[in-house]
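Biologist: I would like to learn how the labels on a structure are earned. Could you show me one and take my questions?

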Amino acid sequence: MKTSMSKKQIGLAVACALTLGFAASAARAQNFGPNDQRELWTDSPKAQIWKNGYGECWHSAFGPPPGYNECNPAPLAQYVPPPAPVVVPPPAPAPVYVAPPVQPAPMELPRKKDRN
C-alpha cells in the first residue's frame, strides 16, 4: 500500500496548518494581565469601556450611546452668575428758565434851574 500524499492533499494540509497557526497566534496575543493594563475591560456587564495602553478612551460608532461612566461623565450644572443689576441714571432735571433781571426804567433827573 502506497502512503504518499497528492499535491491537492498537501495544499489542503498547508492551508489548515496556516489557519491554525494564525488562530493560535491571535489567541496568544490577547492580554490577560491586570485590569489597568488591558485595552478592553468592563466595570459591569452592561457598561463596556475601551481604553488603549495610554488610558485614552475609545468609542464604537455602532449601537446605542453609552451610559455615563469614566469615559462619558455626566454633565455638570454650570454656575451662571446672576446678571449685574442695571443701573439707570436718574433723569436729568428739567431746565429752569431764569428771567433776566428787570432793568429799571431810566429815571429822569430834574432839570437844573438856570441862574437866569
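Modeller: Gladly! Confidence in this predicted protein is lowest in strand β1 (residues 40-42), at a mean of 50, and highest in α1, at 81. Those are pLDDT values, the predictor's confidence in each residue, from 0 to 100. Over the protein the mean pLDDT is 76, and 75% of the residues reach 70 or more. As this is a predicted model, local features need pLDDT of at least 70 and side-chain atom pairs count only at pLDDT 80 or more, while totals for chains, interfaces and linings use all residues. Residues are numbered from 1 along each chain as its sequence is written, and side-chain values use heavy atoms, with hydrogens and water left out.

Biologist: What makes up the secondary structure of the protein?

Modeller: One helix and three strands, in the order α-β-β-β along the sequence. Both kinds are DSSP runs numbered from the N terminus: helices are H or I with at least four residues, strands are E with at least two.

Biologist: How do you know that a disulfide joins cysteine 57 to cysteine 71?

Modeller: A disulfide is a pair of cysteine sulfur atoms within 2.5 Å. The S to S distance here is 1.9 Å, so the pair meets that cut-off. A search of the whole structure finds one disulfide. Cysteine 57 lies in strand β3 (residues 57-58) and cysteine 71 in the segment after β3, 14 residues apart.

Biologist: Why is cysteine 71 called buried?

Modeller: Buried means under 20% relative accessible area, exposed over 50%, and partly exposed in between, with a 1.4 Å probe and protein chains only. Cysteine 71 has 17%, so it is buried. Its partner, cysteine 57, has 31% and is therefore partly exposed. Cysteine 16, at 40%, is also partly exposed.

Biologist: What makes Met5, Ile10, Val14, Leu18 and Phe22 a patch?

Modeller: Patches take residues with over 30% relative accessible area and no salt bridge (a side-chain nitrogen of Lys or Arg within 4 Å of a carboxyl oxygen of Asp or Glu). Like charges are joined within 9 Å, nonpolar side chains (Val, Leu, Ile, Met, Phe, Trp, Tyr) within 5 Å. These five form a nonpolar one on the surface, with about 520 Å² of accessible area together. Such areas come from the Shrake-Rupley method with a 1.4 Å probe; for residues, only the protein chains shown count as cover. Leucine 18 sits in helix α1 (residues 7-28).
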